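Reader: I would like a close look at a single part of this model, taken slowly and residue by residue. Please keep to what the coordinates themselves support.

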Amino acid sequence: ITTLSYNLPKDELVNIKIYDIMGRVINGLVTSKQSSGYKSIQWNATNNQGEPVSAGVYLYKIQAGDFVDTKKMILLKWLNISHFLFYKYEPPTIESK
């Protein structure tokens with residue numbers, strides 16, 4: 001999950017969209033009139049249909065009134081290896097006869 005934060009100096013119509021590197025809209029996170037103040041929105045790395053997106057480079061564009069800004073972000077996906085980190089090897093017990 002990625003959190004995008006922004007501060008509105010006055011009430012504005014806010015649009016926040018996620019794009020892939022080819023410029024296609026992946027997710028329209030926000031399209032609403034918002035009151036002034038500090039805001040944040042979370043993106044859970046899914047598209048508009050709720051399907052997970054691939055690892056890679058994405059852009060997010062924030063528009064509020066006359067303000068427009070685009071930033072690059074990189075989505076990394078890691079294997080869950082925690083079970084290897086806490087695994088303790090215990091050799092079999094060999095009994096002599």
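Is M22 buried or exposed, and what is its relative accessible area? Please set the answer in the context of the surrounding hairpin.

Author: In this predicted model, M22 has a relative accessible area of 64%, and because exposed means over 50%, M22 counts as exposed. M22 sits in the loop that connects β2, residues 12-20, with β3, residues 25-34. On the surface, M22 joins I21, V57, I74 and L76 in making a nonpolar patch of about 540 Å².

The two strands on either side of that loop run antiparallel and are joined by eight bridges; for instance, N15 has T31 in β3 as its bridge partner. Between the strands of this hairpin there are four residues, and G23 adopts a positive phi near 90°.

A residue of the strand that leads into the loop offers a useful contrast. I18 belongs to β2, and its relative accessibility is 0%, so I18 counts as buried, whereas M22 is exposed. Setting aside neighbours within four places in sequence, the contacts of I18 include R24, V25, I26, N27 and L29, and among them are also L4, W43, Y58, L59, Y60 and M73. The C-alpha atoms of I18 and K71 are 9.8 Å apart, although 53 residues separate the two along the chain.

Note on methods:
Residues are numbered from 1 along each chain as its sequence is written. This is a predicted model: local features need pLDDT of at least 70, side-chain atom pairs count only at pLDDT 80 or more; totals for chains, interfaces and linings use all residues. Side-chain values use heavy atoms; hydrogens and water are left out. Patches are made of residues with over 30% relative accessible area and no salt bridge: like charges are joined within 9 Å, nonpolar side chains (Val, Leu, Ile, Met, Phe, Trp, Tyr) within 5 Å. Accessible areas come from the Shrake-Rupley method with a 1.4 Å probe; for residues, only the protein chains shown count as cover. A salt bridge is a side-chain nitrogen of Lys or Arg within 4 Å of a carboxyl oxygen of Asp or Glu. Buried means under 20% relative accessible area, exposed over 50%, partly exposed in between (1.4 Å probe, protein chains only). Contact means heavy atoms within 4.5 Å. Two strands pair if DSSP finds at least two bridges between them.
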